[in-house]
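User: I would like to go through this model step by step, with short reasoning behind each reply. Please start from the overall make-up and then turn to particular regions.

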Amino acid sequence: MTIKNILKTPERVPRLGEMKYRDSKGIFMNESMISAKNEYMKEAIKEAYQGIEQKHGGPFGAVIVKDGKIVGRGHNSVLIKNDPTCHGEIEAIRNACSNLKTYDLSGCELYTTGEPCPMCLYASLWAKIDKVYYGCTIADNSMIGFRDEEMDKLGTGREQLGDFLECIDRDACLDLFHYYKEMEHTIY
């Protein structure tokens, strides 16, 4: 056995500009073909694609924006980290807090491909995020096998949050969800 065999170079992960995906119709596409109108939701979708292509977890990507600049990113990493709390929103919150060196994300907005589950919703509130923009709804999450709807019934009701939550670019995020639903993936 040689040193070369022992010290194998890890497989290179493609940069986002190099990533290619199949849309819900199975057509090969690249990131310029993601149909999101909002630039930050487009970045959240790219995060989600990166995560599912690497088999890290479900199709949930998120970015956190402050003063027009992305300060945090994350995608679902439940499977790769064996940690059920590693949702895209939580990973983005952790990344933003680390980058900004603070636990207080006042003045920030969260863009996420799926309406936050109760854990992510409350984490957003604890982090003092000003507004959450999401693509797919809690009901859409159940379409791809997630139990968010069951857990959401335990909460006190999203209607009490006023305009804190806003759905945008749902069709672009549904393309992502359809892609995920058609691919081989682990149900958790």
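User: How many helices and strands does the protein chain have, and what percentage of its residues is buried?

Analyst: The model is a predicted one, and its protein chain holds eight helices and seven strands. Among contacts between residues at least 6 apart in sequence, 60% join residues at least 24 apart. Of the 188 residues in the chain, the buried share is 48%.

User: In what order do the strands of the five-stranded open sheet lie, and which strands stand at the edges?

Analyst: The open sheet has mixed pairing and follows the order β4-β3-β5-β6-β7. Its twist averages 20° from one strand to the next. Because β4 (69–75) and β7 each have a single partner strand, one side of each is left without a neighbour in the sheet. The edge strands are therefore β4 and β7.

User: How many bridges join β3 to β4, and which residue of β4 is the bridge partner of Val65?

Analyst: Strand β3, residues 61–66, runs antiparallel to β4, and the two are joined by six bridges. For Val65, the bridge partner in β4 is Ile70.

User: Which helices lie across β5, and at what angles do they run to β4 and β6?

Analyst: Helix α4 lies across β3, β4 and β5, and its direction makes an angle of about 140° with β4. Helix α8, residues 170–182, lies across β5, β6 and β7. The angle between α8 and β6 is about 55°.

User: Is Tyr40 buried or exposed, and what separates its C-alpha atom from that of Tyr111?

Analyst: Tyr40 is found in helix α2, and its relative accessible area is 14%, so it counts as buried, for which the cut-off is under 20%. Leaving aside neighbours within four places in sequence, Tyr40 is in contact with Val63, Val65, Gly68, Lys69, Ile70 and Tyr111. Although Tyr40 and Tyr111 are 71 residues apart along the chain, their C-alpha atoms are separated by 6.5 Å.

User: Which residues of α5 are buried, and against which elements do they pack?

Analyst: The buried residues in α5 are Pro118, Cys120, Leu121, Ala123 and Ser124. Their packing partners are α4, β5 (108–114), β6 (131–136), α7 and β7 (165–167).

User: What is the volume of the largest pocket, and which element supplies the largest share of its lining?

Analyst: About 370 Å³ of space lies in the largest pocket. It is lined by 19 residues, of which Pro84, His87, Cys117, Phe146 and Asp148 are the closest to its centre. By class, the lining comprises 11 nonpolar, four polar and four charged residues. Helices α4 (88–100), α5 (118–126) and α7 (148–152) each supply at least two lining residues, and the largest share, three residues, comes from α5.

User: What is the phi of Lys128, where does Lys128 lie, and is it buried or partly exposed?

Analyst: Most residues other than glycine have a negative phi. Lys128, which is not a glycine, nevertheless has a positive phi of about 65°, and its place is in the loop between α5 and β6. With a relative accessible area of 44%, Lys128 is partly exposed.

User: What is the phi of Lys55, and in which loop does Lys55 lie?

Analyst: Lys55 is a residue other than glycine, and its phi has a positive value near 60°. The position of Lys55 is in the loop between α2 (39–53) and β3.

Notes: Residues are numbered from 1 along each chain as its sequence is written. This is a predicted model: local features need pLDDT of at least 70, side-chain atom pairs count only at pLDDT 80 or more; totals for chains, interfaces and linings use all residues. Side-chain values use heavy atoms; hydrogens and water are left out. On a 1 Å grid over the protein atoms alone, a cavity is a set of points where a 1.4 Å probe fits but cannot get out, and a pocket is an open set with protein on both sides within 12 Å along at least five of seven lines; lining residues have an atom within 4 Å of a point. Grid points are joined across faces, edges and corners, and a volume is the space filled by probe spheres set on the points. Helices (H or I, at least four residues) and strands (E, at least two) are DSSP runs, numbered from the N terminus. Ala, Val, Leu, Ile, Met, Phe, Trp, Tyr, Cys and Pro count as nonpolar, Asp, Glu, Lys and Arg as charged, and the others, Gly among them, as polar. Buried means under 20% relative accessible area, exposed over 50%, partly exposed in between (1.4 Å probe, protein chains only). Contact means heavy atoms within 4.5 Å. Two strands pair if DSSP finds at least two bridges between them. Axes are lines fitted to C-alpha atoms, for helices over the stretch in contact, and angles run from 0 to 180 degrees between N-to-C directions.
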